[in-house]
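Please consider the following protein model, beginning with its overall composition and ending with its surface charge.

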Amino acid sequence: LKSWLRSSQLCTEHSRAPAVVARMVERLTYRRHSRYATKANRCRTLRTPGGRLILQVVKKKAKGPACGDCGKRLIGFPCLR
């Protein structure tokens, strides 16, 4: 007990409360040019085997090939960029 705190000043009600430990949250920053949450800057959080949190950049979804005449999407072709 610290010298400035007397035993008469201790509250017995708080000493019986279970200890709740709040963990610090690891802050992540974008690794690319844009620092805002845009559609082109989407990221996933990953935990490395070493226990660190990192951001992995997610690529945009492609629209896929379309017909040159009517503009409809072609069935059976993969949507690649």
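**Burial, fold and surface charge**

Of the 81 residues in the protein, 4% are buried. The model is predicted, with a mean pLDDT of 81 for the protein; 77% of the residues reach a value of 70 or more.

The secondary structure consists of one helix and two strands, arranged along the sequence in the pattern α-β-β. Confidence varies among these elements: the lowest mean pLDDT, 55, belongs to helix H1 (residues 12-15), whereas strand E1 (residues 43-47) has the highest, 92.

Attention may now turn to the surface. Lys39, Arg42, Lys60, Lys61 and Arg81 together form a positive surface patch. One member of this patch, Lys60, is located in the segment that follows strand E2 (53-57). Is Lys60 buried, partly exposed or exposed? Its relative accessibility is 46%. Because the partly exposed class lies between the limits of 20% and 50% relative accessible area, Lys60 counts as partly exposed.

Notes:
Residues numbered from 1 in each chain as written. Predicted model: local features only at pLDDT ≥ 70, side-chain atom pairs only at ≥ 80, totals over all residues. Heavy atoms only, no water. Patch = residues over 30% accessible without salt bridge, like charges linked within 9 Å, V, L, I, M, F, W, Y side chains within 5 Å. Areas by Shrake-Rupley, 256 points an atom, 1.4 Å probe, with all protein chains shown as cover. Salt bridge = Lys/Arg side-chain N within 4 Å of Asp/Glu carboxyl O. Lys, Arg positive; Asp, Glu negative; His and termini not counted. Charge placed at Lys NZ, Arg CZ, Asp CG, Glu CD. Helix = DSSP H or I, 4+ residues; strand = E, 2+ residues; numbered from the N terminus. Buried < 20%, exposed > 50% of the residue type's maximum accessible area, 1.4 Å probe, protein only. pLDDT = per-residue confidence, 0-100.
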